[in-house]
Amino acid sequence: MSDIKYEIKKEIGVISEGSRGWTKELNLVSWNGAAPKYDLRDWSPDHEKMGKGVTLTEEEARKLKELLEGEL
């Protein structure tokens with residue numbers, strides 16, 4: 001399996017924290033050198049390990065924000 005390279009460009013915020021110290025975070029992340037995308041996933045405390053997550057373009061993030069504002 002090939003290595004996935006990532007760089008957290010901006011830490012936006014922590015949404016929740018689990019009992020083992022992992023946090024669900026929203027960040028701007030560059031995957032394999034590509035343009036950064038909004039990224040929502042669980043991270044280990046040192047950001048060396050991660051869970052499955054969702055990446056969104058800026059347009060997709062804006063649409064998600066619109067949808068949430070209409071529901072909350």
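Which pattern does the protein follow when read along the sequence? Trace the chain from its start and you get β-β-β-β-α. Keep in mind that this is a predicted model.

**Whole chain.** Show everything as a cartoon. You should find one helix and four strands. The C-alpha atoms fill a box of roughly 40 × 35 × 20 Å along the principal axes. Now switch on the surface. The protein exposes about 5,800 Å². Carbon and sulfur atoms supply 52% of that area. Of the 72 residues, 19% count as buried.

**Contacts.** Take the contacts between residues at least 6 apart in sequence. Of these, 21% join residues at least 24 apart.

**The hairpin.** Select residues 37-43, which are strand S3, and then residues 50-56, which are strand S4. The two strands run antiparallel, and five bridges join them. Together S3 and S4 form a hairpin, with six residues between them. Stop in the turn at His-47, whose phi is positive, about 60 degrees.

**Leu-40.** Next, pick Leu-40, which sits in strand S3. Which residue of S4 is its bridge partner? Select Val-54 to see the partner. Why does Leu-40 count as partly exposed? Its relative accessibility is 35%, and partly exposed covers values between the buried cut-off of 20% and the exposed cut-off of 50%.

**The patch.** Keep Leu-40 and Val-54 selected, and add Ile-15. These three residues form a nonpolar patch on the surface. Together they have about 250 Å² of accessible area. Colour the trio to see where the patch lies.

Definitions and conventions. Residues are numbered from 1 along each chain as its sequence is written. This is a predicted model: local features need pLDDT of at least 70, side-chain atom pairs count only at pLDDT 80 or more; totals for chains, interfaces and linings use all residues. Side-chain values use heavy atoms; hydrogens and water are left out. Two strands pair if DSSP finds at least two bridges between them. Patches are made of residues with over 30% relative accessible area and no salt bridge: like charges are joined within 9 Å, nonpolar side chains (Val, Leu, Ile, Met, Phe, Trp, Tyr) within 5 Å. Accessible areas come from the Shrake-Rupley method with a 1.4 Å probe; for residues, only the protein chains shown count as cover. A salt bridge is a side-chain nitrogen of Lys or Arg within 4 Å of a carboxyl oxygen of Asp or Glu. Buried means under 20% relative accessible area, exposed over 50%, partly exposed in between (1.4 Å probe, protein chains only). Contact means heavy atoms within 4.5 Å.
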